[in-house]
Amino acid sequence: MTANKRKYPVDSSDELAGRIDRAFRDIWFVERIAPHLYEVHSMSGETYRTDPTIPACTCYWFQHYPGYCKHALRALFEVGIPESERKI
């Protein structure tokens, strides 16, 4: 899993709000497997690994779009990673 280093415009507030909504609607639970590494279990039965401090994720969305995917967002909300520990 690598960080998405592509440069893109920042998400609009509507895009980010929609992703946050989906983070709570579509994700069943978050499990810590190492410091800053989490498995995110979705309602569809899929499991993704994310490090929300970078951000990085194994999901399709993250590989093709910039910023925080819903899995990294949910991990941030679930475990409350302080802003000082985030790398972006």
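**Figure 1. Contacts and overall make-up of the chain in the predicted model.** Among the contacts in the chain with a separation of 6 or more, 45% are between residues 24 or more positions apart. The secondary structure amounts to three helices and four strands, and these elements follow one another along the sequence in the pattern α-β-β-β-β-α-α. Of the 88 residues in the chain, 35% are buried, while the area that the chain exposes comes to about 5,600 Å², with carbon and sulfur atoms supplying 53% of it.

**Figure 2. The open sheet and its edges.** The four strands are arranged in the order 1-2-3-4, and their pairing is antiparallel. Strand 1 and strand 4 (56–57) stand at the edges of the sheet, and because each of them has a single partner strand, one side of each is left without a neighbour in the sheet. Helix 3 packs on this sheet, where it touches strand 1, strand 2, strand 3 and strand 4, and the direction of the helix makes about 75° with that of strand 1.

**Figure 3. Strand 1 and strand 2, an antiparallel pair.** Six bridges join these two strands, and at one position along the pair I27 is found opposite S42 of strand 2. The strands form a hairpin with two residues between them, and in this hairpin H36 takes a positive phi near 65°. Strand 2 (residues 37–42) is largely enclosed by the rest of the structure, because five of its six residues are buried.

**Figure 4. Strand 2 and strand 3, joined in a second view of the sheet.** Strand 3 (residues 47–51) runs antiparallel to strand 2, and four bridges join the two. Two of the facing positions can be followed here: E39 stands opposite R49 in strand 3, and V40 stands opposite Y48 in strand 3. In a regular strand, the side chains alternate between the two faces of the sheet. The hairpin made by strand 2 and strand 3 has four residues between the strands, and G45, which lies in the turn, has a positive phi of about 100°.

**Figure 5. Helix 1 and its two sides.** Helix 1 (residues 13–25) has 13 residues and reaches 18 Å from its first C-alpha to its last, which is close to the 18 Å expected at 1.5 Å a residue. The buried residues in this helix are G18, R19 and A23. Seen down the axis of helix 1, its buried residues fall within an arc of 145°, and they therefore line one face of the helix. An α-helix has 3.6 residues a turn, so residues three or four places apart point the same way. On the face of helix 1 that is turned away from its buried side lie the exposed residues S13 and D14. The cover over the buried residues of helix 1 includes strand 1 (27–34), helix 2 (60–64) and helix 3 (70–79).

Methods. Residues are numbered from 1 along each chain as its sequence is written. This is a predicted model: local features need pLDDT of at least 70, side-chain atom pairs count only at pLDDT 80 or more; totals for chains, interfaces and linings use all residues. Side-chain values use heavy atoms; hydrogens and water are left out. The expected span of a helix is 1.5 Å times one less than its number of residues. Buried means under 20% relative accessible area, exposed over 50%, partly exposed in between (1.4 Å probe, protein chains only). The arc is that of the directions from the helix axis to the C-beta atoms. Contact means heavy atoms within 4.5 Å. Two strands pair if DSSP finds at least two bridges between them. Accessible areas come from the Shrake-Rupley method with a 1.4 Å probe; for residues, only the protein chains shown count as cover. Axes are lines fitted to C-alpha atoms, for helices over the stretch in contact, and angles run from 0 to 180 degrees between N-to-C directions.
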